[in-house]
Structures are given as structure tokens and as C-alpha cells.
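Let's walk through this structure together, beginning with the whole chain and then turning to its interior, its charged pairs and its cysteines. Keep the viewer open as you read.

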Amino acid sequence: MPIAPKRPSADPAAVPVEPTADDADGGLRASTVADRRVMAVITAILLSITVLQRFAVPVGPLLSVSVLVTIAGIAFLLYHGDVVENAPAMRVFVVAMAACFLAAGIVLVREGVGAVTSLVYLPVIWVAFAFTLHPARQHLYPRVLARFEALMLVFAGIGIAQTLAQVAGVWGYRDYLLSWVPSSFLFLGYNTSNPIEYGASVYRANAFVFLEPSIFAQFLALALLSSLVRRASLLRAVVLGTAMICCISGTGLLYVAFGVALLALRRGGVWTARIVVAAVVGGLVALATPFGTIIASRTDEASVDNSSGSLRFVQPYEQILGTWATDPLTTLWGAGAGWADQLADQIFGATGLPINFSGIAKLVLEYGIPATVLFTVFAVLAIARRSPSPTLAWSGLFANAVLTGALLQPQVLYVLLPLCSLFIGHRFERDLDDERRASARTAAEDHAREVAEAAQVRVTVVPADPNGRGGA
């Protein structure tokens with residue numbers, strides 16, 4: 001009876017590749033075929049949300065290129081067994097989407113109001129967060145963080161060069177993508193190009209590829225927090241922070257402040273004192289420039305009518321309260337899918353004021369409180385619970401829920417996939433903290449032992465004289 005040939009291993013991870021020394025990404029190169037496959041997909045996702053952030057697929061309502069890249073990448077990794085379902089998140093996701101569809105359906109039947117596109121895009125965009133990498137691939141997380149930081153350092157350099165060239169008068173701002181790429185392939189309607197203040201000839205940094213300077217600042221803020229989590233070099237933090245100043249975005253600064261506060265709670269007083277000193281020095285240096293002065297002048301915007309801060313943090317919630325007062329049942333099922341954008345367009349058309357509904361404000365206004373609670377639980381399970389970096393996860397949730405209207409902006413949301421969701425279950429930041437505490441404890445014990453040994457005094461007992469007299 002012939003013997004069937006041995007089948008090759010179905011898991012490419014079984015094929016080892018000789019590791020190399022540390023590279024620029026800050027860790028060992030991928031050591032297996034599966035590692036390289038995962039890193040290739042994650043790199044493609046990172047490029048789709050940065051280099052291709054402004055690009056759209058011109059089929060019906062514009063869809064971000066990042067959605068196609070991400071869904072195709074996750075499907076590819078699912079086929080190879082490198083990605084698995086995050087079961088708790090997936091279960092809540094299904095229930096939350098059912099609640100959103102039910103709420104939108106009720107409003108559509110009662111009032112004939114609702115944007116089907118917004119309703120369909122919600123699960124299409126967010127389903128990617130219900131998956132995570134196989135545990136065998138989670139050792140790649142430090143490499144992913146280093147790659148994201150390296151990518152953002154490149155864009156930080158471009159943003160700083162944009163600003164310096166304009167200030168020096170050797171270059172005038174120009175939106176090259178808008179000039180070279182057909183408008184049907186780009187997202188329009190964003191504040192992509194706007195001056196540092198009204199009437200100025202210098203424009204805020206956006207590295208050319210980001211939708212808005214404020215979104216650029218958010219990515220820089222996340223990279224800066226990542227470098228703090230990893231305890232990367234001070235120079236890296238300085239470059240990223242300088243680029244943030246060139247964006248003149250309070251959103252980015254709030255993002256960093258929230259993350260630093262979380263790190264302070266984790267690392268204690270000594271680390272916090274060092275960060276406060278560094279922040280004070282950096283702030284004083286920034287205030288010595290026109291950019292820092294402009295940022296400082298905007299610190300009380302939330303209390304000023306029709307200011308950027310008011311349009312983002314005050315007026316959206318006033319509109320929600322007004323909607324609830326008019327129709328209390330909207331607290332249960334909202335005002336209809338897509339209503340936040342329609343209302344914002346109406347207000348802009350009537351007053352010229354660009355009101356900005358945050359992610360949580362959109363959910364509450366469009367789908368009601370019950371669906372919002374379920375969706376929030378899903379987001380926590382998919383991004384923050386058992387996250388490899390609680391600092392990055394909770395900072396990202398805070399930014400997308402409160403600071404930005406990124407509920408249906410995958411090119412902004414998807415940065416949390418490689419930095420959080422895909423590595424759920426990995427203890428990266430916790431292990432770093434444990435190692436730091438263990439190292440500090442060992443150092444303290446060694447120091448105490450040295451002090452104790454140095455304090456010991458050798459006592460020589462002189463033998464007594466046999467005749468009863470004291471020793472000589």
C-alpha cells in the first residue's frame with residue numbers, strides 16, 4: 001500500500017526564519033513567515049490611515065480607502081489563522097448594532113427621517129474592532145508601536161518643515177494633493193488648509209496628507225504617548241511635541257494631557273514631577289513663539305460664544321438637550337441615523353457656524369441613550385479591556401468620544417486597531433510597569449544592604465588577664 005506524502009504544515013509560523021539584530025523599528029525583525037505577514041498587513045493599515053487618509057473610493061457615498069484595506073487585511077489574516085474573534089466584543093457588537101438599527105427603524109417609520117448610508121456604514125466600519133490577533137502573534141506589539149512612532153516622526157518632520165519654510169518666507173502653502181489628485185478621489189469639506197489665525201499668511205501644519213491639522217495633532221499626540229509608554233528617547237518626544245505646536249490644535253494638547261494624567265497615576269510622584277517640569281519648560285519655550293501665544297489665547301474658548309471650543313464642547317450638547325425637550329422620546333431612540341450631520345449642515349447654512357458633534361454626542365442624538373450605552377460597552381470591550389496599553393486605549397476612547405466627531409471616520413478610528421484592538425490580551429504596558437517596580441525594589445534592597453554592611457562595626461574583645469586585671 002503506497003504511503004501518502006507528508007503534508008506541509010498548515011501554519012506558516014512553523015517555518016522559522018533566522019532573526020537579526022535590532023533594527024530601526026526598535027526590536028527584532030519578524031522571525032516567522034506569519035510574523036512578516038502580520039506586520040505587512042498592519043503596515044498597510046498604518047499607511048492607509050496616514051498617507052492615504054484623504055483618499056476616498058468614488059462609488060456612491062464616499063468611502064475611505066482605509067476601510068477596504070483594513071477589511072481585506074483582516075480577512076487575509078483570518079484565512080491564515082492569524083486573527084481570531086474577540087468573542088465578548090463580538091457578542092455585544094451584534095446587540096449594539098441591533099439596538100441602533102431598531103432605533104433608526106422606529107424613527108424612520110414614525111417620522112420618515114434617517115440616512116441609510118450612515119446606518120449601514122456604522123457596522124461596516126466598526127466590525128473590524130471585534131477581532132484580535134492570535135496570541136502567537138502578540139509578541140509583535142512593541143515592533144508595531146515603534147513602527148507607528150517612526151512613521152509619525154517622518155510626518156512630524158514634514159509638518160515642522162512646512163511651518164519653518166512659511167515663516168522664513170521661502171515657500172508659500174499649497175495643497176499639492178488637491179492640485180494633483182482628481183477631487184472625486186479626495187474627501188472635501190474638511191478644514192485641511194487654514195491659517196494659524198485669521199488673515200495670516202502662514203498655514204497650520206498638516207503634513208499634506210492629513211484631513212485637518214487637528215487630526216494630524218491627534219496622531220502626533222498618540223505617537224507621543226506611545227513613546228512615553230515605551231520610555232523612548234527624549235528627542236523623539238521633543239520632535240513630536242514641536243510638530244504638535246505647529247498644528248496649533250487644542251485637541252492634540254488635550255489628548256496628550258489626558259494620556260499623561262493616566263501615566264501619572266500608573267507611575268507615581270517622581271515620574272509625574274519630571275513630566276511637570278518638562279511640560280513647564282516646553283510651555284515657556286512655546287510661549288516665546290507666535291504659535292504658543294496663539295494656543296494660549298484659545299484656552300478659554302469653551303466659555304466664549306461661537307468659538308471653536310464652544311462649537312465643539314458646548315453647543316452640540318445644547319442642541320441635544322433642546323431635541324430632548326421638544327420630543328422626550330428621542331432619549332430612547334434618538335432623532336434618526338445621520339441626523340447630527342444634517343443638523344450641523346442646517347446650522348452652518350443658517351449661521352455659518354461649523355458645529356462639531358463628538359462621537360458620543362452623535363450616538364446619543366441619533367440613536368438614543370440605550371443604544372449609546374450598548375455601543376460604549378462594545379467599544380470598551382474591543383479597545384480598552386485587557387488592552388496591551390491602557391494608557392493608549394483610554395486616551396483613544398476619550399479623544400474619539402469627546403474631542404472628535406470620528407464615529408464614521410475610519411481613517412481616524414483605525415489607528416486604534418494596531419495600537420489596541422488587535423493586541424487585546426497582551427500585557428505590554430503592565431509588564432513594563434512590573435519590570436520597573438521590580439527593578440526599583442531590587443535597587444532599593446541592594447542599597448539598604450550596602451548601607452547596613454557599611455554601618456556594621458567590628459568589635460575586638462580583649463582577653464581578660466588571668467590574674468583578674470583588665471587586658472593590656
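Of the 472 residues in the chain, 47% are buried. Please keep in mind that this is a predicted model. The chain holds 20 helices and four strands. How do its parts come together? Taking the contacts between residues at least 6 apart in sequence, 76% join residues at least 24 apart. On the outside, the accessible surface comes to about 22,700 Å², and carbon and sulfur atoms account for 67% of that area.

Now look inside. In soluble globular proteins, nonpolar side chains tend to be buried together. Here the largest nonpolar core has 101 residues, and those with the most contacts inside it are Trp126, Phe129 and Met152. Helix H7 (residues 213-230) supplies the largest share of this core, with 12 residues. Trp126 is a good place to centre your view. Which residues does Trp126 touch once its neighbours within four places in sequence are left aside? The list has Phe93, Phe375, Phe378, Ile383, Leu407 and Leu413. Apart from the largest core lies another one of 11 residues, including Ile320, Ala344, Ile355 and Leu365.

Next come the charged side chains. How many salt bridges are there in the model? The count comes to 11. One of them joins Asp35 and Arg137, with 2.8 Å between the closest N and O atoms. Asp35 sits in helix H1 (residues 33-48), while Arg137 belongs to the loop between strand E4 (131-133) and helix H5 (141-168), so this salt bridge ties together parts that are 102 residues apart in sequence. Are these two partners buried or exposed? Both Asp35 and Arg137 are buried.

A second pair to find is Arg266 with Glu429, whose side chains meet in a salt bridge at 3.3 Å, N to O. Because Arg266 lies in helix H9 (residues 250-267) and Glu429 in helix H20 (residues 428-455), the pair links parts that are 163 residues apart in sequence. The two ends of this bridge have their own surroundings: Glu429 counts as buried because its relative accessibility is 0%, whereas Arg266, at 27%, counts as partly exposed.

Then there is the salt bridge between Arg427 and Asp434, where the N to O distance is 3.3 Å. Arg427 has a relative accessibility of 39%, so this residue counts as partly exposed. Asp434 is partly exposed too, with a relative accessible area of 34%. Charged side chains can also be linked as a group, as you will see if you select Glu149, Arg230 and Arg236, which form a network of salt bridges.

Finally, turn to the cysteines. How many disulfides are there in the model? The count is zero. Cys247 shows why one such bond is missing: the closest cysteine sulfur to its own is that of Cys246, and at 7.0 Å this is too far for a bond. Cys247 is also buried, with 0% relative accessibility. Cys100 has a relative accessible area of 0% as well, so Cys100 is likewise buried.

To retrace the route, you might start from Trp126, one of the residues with the most contacts inside the largest nonpolar core, and then move to the buried pair of Asp35 and Arg137. From there, go on to the salt bridge of Arg266 and Glu429, and end at the buried Cys247.

Terms used:
Residues are numbered from 1 along each chain as its sequence is written. This is a predicted model: local features need pLDDT of at least 70, side-chain atom pairs count only at pLDDT 80 or more; totals for chains, interfaces and linings use all residues. Side-chain values use heavy atoms; hydrogens and water are left out. A salt bridge is a side-chain nitrogen of Lys or Arg within 4 Å of a carboxyl oxygen of Asp or Glu. Helices (H or I, at least four residues) and strands (E, at least two) are DSSP runs, numbered from the N terminus. Buried means under 20% relative accessible area, exposed over 50%, partly exposed in between (1.4 Å probe, protein chains only). Contact means heavy atoms within 4.5 Å. Accessible areas come from the Shrake-Rupley method with a 1.4 Å probe; for residues, only the protein chains shown count as cover. A disulfide is a pair of cysteine sulfur atoms within 2.5 Å. A nonpolar core is a set of buried Ala, Val, Leu, Ile, Met, Phe, Trp, Tyr and Cys residues joined through side-chain atoms within 4.5 Å.
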